[in-house]
Each structure stands twice: as structure tokens, then as C-alpha cells.
Amino acid sequence: MIEKYNFRHDLLDEKAISARIRLENPANEAQVWRQKESGILIMLSTAGFEIYPSYDSPTIPIFYEEQAQELAGFLNMHPPYTVIGMPELLQPMFPYLQNDYTYQIAEMASLKKSVEMPDADDIRFAKYEDIRGIYDFLSGIKEFTMPEYEEFEYTVYRRSVKKTGRFCFTLCDGEIGATAASMAESNSAAFLYSVASAEKFRGRGFAKKTVCALCATLQREGKTPYIRYVNPAAKALYMKIGFTRVCDVAIMNPQ
């Protein structure tokens, strides 16, 4: 049986937070689900929007199917925006969750030593005058849905000025062949997005080199790169250069 009660998350041991994702909740309130019999922490909800399945035990107990069904049933009745947690905790719940879609998040502690770094002459960090070319490049990637140019330009420029994001691209035969960008940069972390390569250049390692160049720069600044992915090809690329899957995410209520 799962019971729920309010809890001030500033009193919660950080070790109980899954996937090393730090909780930042202005309201400083949370809800906790515990197994009534054992007292083991099962879930932490912040502000009713995000759910962090976790455990406050150094040894993760078996996540029984009945627990997965019960928790999923509760979330289906009262859907938060997202459900976030370690893969071994979320995977048993996914068959029962009425979620919109899922994706994974990976973290890079360090680039693998075996990774060949790209030639610096081929790598560029975008300036304002490069934004139009990057937009046109990404607009030609069939997997991407792009906003209007004015919105894209404003977002990229604002992140650059505030130093919360940057775009990296690789030149191939004088044109953009691959991109990788960062957002939500802080003193200790950054999220990567817009990893793409032109179809005619795929299979030549340009996307890999671009991601490596961006990650190496972030790490020199003391920032840990994180990235989200869905398809197996992306996972293979990220794992090969040093990323490690740290959590899964289910989008429950995207509206």
C-alpha cells in the first residue's frame, strides 16, 4: 500500500534524489509516496508537475509489478507533467502509464580517451551572423520542426548574450554539415540539443565530432553535459563518446 503526504524537500537527503538531478522548487514543497510497510521512499513530486521515482535506501529493493501498477494507476488518475527517474524504476511502470511519449537522458562525466578530437579548423562556434545559416540548415533536417526564424534568432541570440547556451557547427566542403547546441547552461551543467547532420554528409562522423567539440569546451569550463535522446542510433553515438544513461522521462501531460 502506498501512502502520500506533504514534505519539505529541503529536508530530504540529496542521495534520495534519482539520477543526480537536483530539485529546484521555489515553493519548497513536495509530496512523497512511501511504502506503508517499509517506509521506503518511492516517489517525490515537486509542485505537482514533476515526479521523481527514487529510493532512500543505498540498496535498491526489487520494484514489484504490483507497485508499478499501483503507482502508474495513481499517476494516470492525477497526471503530472513529467515522470522522471532511474531506468530500473521507471521501466516497470511504462506499460501501465498513459503517457504521451518517453525519452532518455544521458550524462557525460568525461569524453572517452579513445575519441578522436576534430580538427579545430573545421569547428565553429556560432556568432550572430551565423544564425541564419544554422536556421536554414536545421530547416532542411526532416526530423526537426522549426519555429519561425524571428523566434529562433531571438532565442539563440538571447542565450548567447546571457551565456546560457551556444551553437557549435562543423564545416564540410564550405557548408554546414553538422550542428550541436547547448542550453540551460549553469556553472556546473548544460543540456545539449539540435544535434543534427546533413543527410548527404551522414555516416562520416561529423555529428560525432561536433558533439565532442562542444562537450570538450563545456567540460573545460567545469560544466557536465546532459543530453536527451529517443532513437537507438542517437543512443549508440552518445554512449560511444562517453555519455551514460542516467534517467528516463515520461511526458504525461504536454498541454
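**Note on a helix pair, a pocket and three residues**

1. The crossing of helices α3 and α4 is right-handed. This reading, like the others below, is taken from a predicted model. Helix α3 covers residues 131-139, and its axis comes within 10 Å of the axis of α4, the two crossing at roughly 125°. Angles over 145 degrees would count as roughly antiparallel and those of 65 to 115 as roughly perpendicular, and α3 and α4 are therefore oblique to each other. In general, two packed helices are described by the angle between their axes and the distance between the axes.

2. Helix α4 also has a part in the second largest pocket, where about 230 Å³ of space lies. The lining of this pocket is made up of 14 residues, and those that lie nearest its centre are Ala 126, Ser 160, Gly 165, Arg 166 and Phe 167. Two elements, α4 (149-162) and β8 (166-172), each give two or more residues to that lining, and the largest share, 3 residues, comes from α4.

3. As to the chemical character of the second largest pocket, which may be of interest when its lining is examined residue by residue, the classes divide into 7 nonpolar, 3 polar and 4 charged residues.

4. Two residues deserve a look at their backbone angles. Ala 184, in the loop between β9 (175-183) and β10 (189-197), has a phi near 50°, which is a positive value in a residue other than glycine. Ser 194, for its part, lies within strand β10, and its phi is likewise a positive value, near 50°, in a residue other than glycine.

5. Is Ser 194 buried or exposed? The relative accessibility of Ser 194 is 12%, and because buried means under 20% relative accessible area, Ser 194 counts as buried. For Ser 194, then, the positive phi value goes together with a place in a strand and with a buried setting.

6. Thr 82 is found in strand β5, which runs over residues 82-85. With a relative accessibility of 4%, Thr 82 falls under the 20% cut-off and so counts as buried. Which separation do the C-alpha atoms of Thr 82 and Val 249 show? Although Thr 82 and Val 249 are 167 residues apart along the chain, their C-alpha atoms are separated by 6.7 Å.

How values were computed
Residues are numbered from 1 along each chain as its sequence is written. This is a predicted model: local features need pLDDT of at least 70, side-chain atom pairs count only at pLDDT 80 or more; totals for chains, interfaces and linings use all residues. Side-chain values use heavy atoms; hydrogens and water are left out. On a 1 Å grid over the protein atoms alone, a cavity is a set of points where a 1.4 Å probe fits but cannot get out, and a pocket is an open set with protein on both sides within 12 Å along at least five of seven lines; lining residues have an atom within 4 Å of a point. Grid points are joined across faces, edges and corners, and a volume is the space filled by probe spheres set on the points. Helices (H or I, at least four residues) and strands (E, at least two) are DSSP runs, numbered from the N terminus. Ala, Val, Leu, Ile, Met, Phe, Trp, Tyr, Cys and Pro count as nonpolar, Asp, Glu, Lys and Arg as charged, and the others, Gly among them, as polar. Buried means under 20% relative accessible area, exposed over 50%, partly exposed in between (1.4 Å probe, protein chains only). Axes are lines fitted to C-alpha atoms, for helices over the stretch in contact, and angles run from 0 to 180 degrees between N-to-C directions. Angles under 35 degrees count as roughly parallel, over 145 as roughly antiparallel, 65 to 115 as roughly perpendicular and the rest as oblique. A crossing is left-handed if the near helix is turned anticlockwise from the far one by less than a right angle, and right-handed if clockwise.
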